[in-house]
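Work through the following exercises with the structure open beside you, and try each task before you read its solution.

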Amino acid sequence: MSKIPLTVQGAEKLRAELHDLKTVKRPGIISAIAEARSHGDLSENAEYHAAKERQSFIEGRIADLEGKLSNAEIIDPTKLDADGRCVFGATVTLEDQDKGTQVTYQIVGEDEADIKEGKISIASPIARSLIGKSAGDLAEVQAPGGVREYEILDVKYV
C-alpha cells in the first residue's frame, strides 16, 4: 500500500476519531447488542439487526483508520522549505481571474479535505493545477463549468 500524505493536524483528527470509536462507540454498540439480545427472538428483532449493522460500520471504520494511520506520511507544513512553491501542506491565496475574488486554501490529504475550512484535497483539480507553481504564476483549472484561471497571490507554510 502506498503512503498516505497527512498534515500533523489531519493525523491528530484521525487518531482522535479512532480513539473515540474504540473507547466510546465500540463499547456502546456492544451493550446495545446485548440489550437487543435480551428481548428474545433475534430473527425478527429490528433493534438487534440495526445494532449489528452499526457494529459492522464501526469495525470497518476502525480498520480503515488504522490502515490509513499505519501508512501515513505525516508532513508538518511549518517545517517545509519549498522556496515559495505550492506543495502538499502549503496554504495558498488565489485570485479568480474572471470574478476578481480571492480565496485561501490549504492543500491537504484526502481524509482532511473540508472546503468549509478552506482545506482542499491534494487530488482535487485545483490542488493538482497549483502544485509546483509560485506566487505570481497563473493556474488553469479544469472545472465542471469550464476552464477557470487563478493567479497565485501568496504561498505560506503554516
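**Exercise 1.** Decide whether L138 is buried, partly exposed or exposed.

*Solution.* Keep in mind that this is a predicted model. Begin with the relative accessible area of L138, which is 42%. Next, recall that buried means under 20% and exposed means over 50%, with partly exposed in between. Because 42% falls between these two cut-offs, L138 is partly exposed.

**Exercise 2.** Find the element that holds L138, and describe how this element is arranged with β7.

*Solution.* First, locate L138 in strand β6. Then follow the chain onward: β6 and β7 form a hairpin, with two residues between them, and the two strands run antiparallel, joined by six bridges. Within this pairing, E140 stands opposite E149 in β7. Finally, look at L138 itself, which, leaving aside its neighbours within four places in sequence, is in contact with Q97, K133, E149, Y150 and E151.

**Exercise 3.** Name the strand that pairs with β7 over six bridges and places E95 opposite E151.

*Solution.* The strand is β3, and its pairing with β7 is antiparallel. E95 is the residue that stands opposite E151 in β7.

**Exercise 4.** Which residues touch the most other members of the largest nonpolar core?

*Solution.* This core has 18 residues, and those with the most contacts to other members are V92, L94, I126, L130 and I152. Among the elements that give two or more residues to the core are β3, β6 and β7. Apart from it lies another core, of 15 residues, including A11, L21, I29 and A51.

Conventions:
Residues are numbered from 1 along each chain as its sequence is written. This is a predicted model: local features need pLDDT of at least 70, side-chain atom pairs count only at pLDDT 80 or more; totals for chains, interfaces and linings use all residues. Side-chain values use heavy atoms; hydrogens and water are left out. A nonpolar core is a set of buried Ala, Val, Leu, Ile, Met, Phe, Trp, Tyr and Cys residues joined through side-chain atoms within 4.5 Å. Buried means under 20% relative accessible area, exposed over 50%, partly exposed in between (1.4 Å probe, protein chains only). Helices (H or I, at least four residues) and strands (E, at least two) are DSSP runs, numbered from the N terminus. Contact means heavy atoms within 4.5 Å. Two strands pair if DSSP finds at least two bridges between them.
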